[in-house]
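Me: I would like to go through one model by question and answer, with each cut-off stated where the term is used.

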Amino acid sequence: DFEKETELQKLLSWADRIRKLGVWANADYPRDAQRAVTFGAEGIGLCRTEHMFMEQERLPIVQKMILAKTAEERQAALDQLLPFQRSDFIGIFETMVNPRTGECYPVVIRLIDPPLHEFLPNYEELLVEVTRLEATGTDPEALKEKKALLDAVAAMREMNPMLGLRGCRLGLLFPEITIMQTRAILEAALEVAQKTGKKPQVKIMIPLVGHVNELREVRRQLEAVAKEITAEAGSAVEYKFGTMIELPRAALTADQIATVADFFSFGTNDLTQTTFGFSRDDAEGKFLMKYVDGLDAPGLPEKVKILPVNPFQTIDRDGVGQLVRMAAEKGRAANPQIELGICGEHGGDPSSIEFFHEVGLDYVSCSPFRVPVARLAAAQAALSKSEKDK
Ligand code: PEP
Ligand code: MG
């Protein structure tokens, strides 16, 4: 029906002629990617592969992979996951085709970014189960099995999972995961190219990088896999390699990081969390409402009005925004070819879009439903900037 809204389509086509920012979408599955194309997205700016791991038939395999005691056990689990991932990516690449030109749109696939607690069995529930089995004493085999699982989970359990074995850190400790995902992505791209004659525009992105050496190491692993696949297939696989900028340290050292990256994508959700020290999972539902003018939380004490806007929705120009601006400048100075985008929630917020236009990013990426608004906001930003420049 969206396509039949002729007035709206006309307005959006005007906006598309004016805007400088590309508008891409965040999508994890082919159905989201299809929606994104319908709403006019020109690429996928973020495919969060960890969501693919959460599916019912896959989660037990993922748990086995994380809790494996030996490299063989881990590899066996990864071998089971590879075909799932390959078909996920085939679906997305096949969908991301420009309906007018028939060319493939760019697709940024981010390697797994866990907080571990989202994958592991719940420690407290396991403890209750073990205590119950101990008390009844009727099933020693089950008790032994649950106790072993409890010990394995205890060894991986973290007090602060959002600051723990997240992002690229998991793949650095267990390179087999990076190898499996890279293989799935590149094999999928080759298969789609063979089947359709169209070459997917593959971009592989690394999450939560804080030090250039992390990125160097992942790049080395990835290049080795690409070389292997090229030898197997007899034709070279092409891809771009990039990173999220979502930690203050990454922004501060963006010049170093840019020497190893073809693109940056700003993860303003984590960048806001780590710059303010506000938990993105808790703050909004708790004290932040009392901090922000215009938000309300019944039952809490009087509003204190510390912040003009909710920084998880609208970019905090003075703090988080400065980090984005600085990283963009440092990144471009060190690597003039670098492509710059943003895939945090702010990518779909009109006032933040105006800021990203000012900073000179190449594209914003947001939820598919926000794409039409983002196209209009990007045009508005371009118009008001040219008015100001007059
Ligand atoms: C971000 O941190 O802004 C981001 C896009 O990554 P995620 O929301 O998956 O942590
Ligand atoms: Mg993030």
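The turns below cover the basis of the model, then its core, its strands, the ligand shell and one helix residue.

Reply: This is a predicted model, in which local features need pLDDT of at least 70 and side-chain atom pairs count only at pLDDT 80 or more, while totals for chains, interfaces and linings use all residues. Residues are numbered from 1 along each chain as its sequence is written, and chains are lettered from A and ligands numbered from 1 in the order in which they are written.

Me: Which helix gives the largest share of the largest nonpolar core?

Reply: A nonpolar core is here a set of buried Ala, Val, Leu, Ile, Met, Phe, Trp, Tyr and Cys residues joined through C-beta atoms within 7 Å; buried means that 20 or more other C-beta atoms, placed from the backbone, lie within 10 Å of a residue's own, exposed means 12 or fewer, and partly exposed is in between. The largest such core has 97 residues, and those with the most contacts inside it are Ile44, Val107 and Val364. Helices (H or I, at least four residues) and strands (E, at least two) are DSSP runs numbered from the N terminus, and the largest share of this core, nine residues, comes from helix 9.

Me: How far apart are the end C-alpha atoms of helix 9?

Reply: The expected span of a helix is 1.5 Å times one less than its number of residues. For the 22 residues of helix 9 that rule gives 32 Å, and the model agrees, because the end C-alpha atoms are separated by 32 Å.

Me: Which residue of strand 7 is the bridge partner of Ser265?

Reply: Two strands pair if DSSP finds at least two bridges between them. Strand 6 pairs in the parallel sense with strand 5 over four bridges, and four bridges also join strand 6 to strand 7, again parallel. Both faces of strand 6 are covered, with Phe263 and Ser265 buried on one side and Phe264 and Phe266 buried on the other. In strand 7, the partner of Ser265 is Gly341.

Me: Which residue of strand 4 stands opposite Val108?

Reply: Strand 3 (residues 106-110) has five of its five residues buried, with Pro106, Val108 and Arg110 on one side and Val107 and Ile109 on the other. Strand 3 pairs in the parallel sense with strand 2 over three bridges, whereas five bridges join strand 3 to strand 4, also parallel. Opposite Val108 in strand 4 stands Lys203.

Me: Which helix gives the most to the shell around ligand 1?

Reply: A residue is counted near a molecule if its C-beta atom, placed from the backbone, lies within 6 Å of it, and the residues around ligand 1 include Arg48, Asp113, Glu246 and Asp270. Two elements, strand 2 (44-48) and helix 13 (268-276), give two or more residues to this shell. The element that gives the most, with three residues, is helix 13.

Me: Is Asp255 buried, partly exposed or exposed?

Reply: Asp255 is found in helix 12 (residues 254-258), and, not counting residues up to four places away in sequence, Asp255 touches Lys330, Ala333 and Ala334, where contact means C-beta atoms, placed from the backbone, within 7 Å. Because Asp255 has 17 C-beta neighbours inside 10 Å, the class of this residue is partly exposed.

Definitions and conventions:
Two residues are in contact if their C-beta atoms, placed from the backbone, lie within 7 Å.
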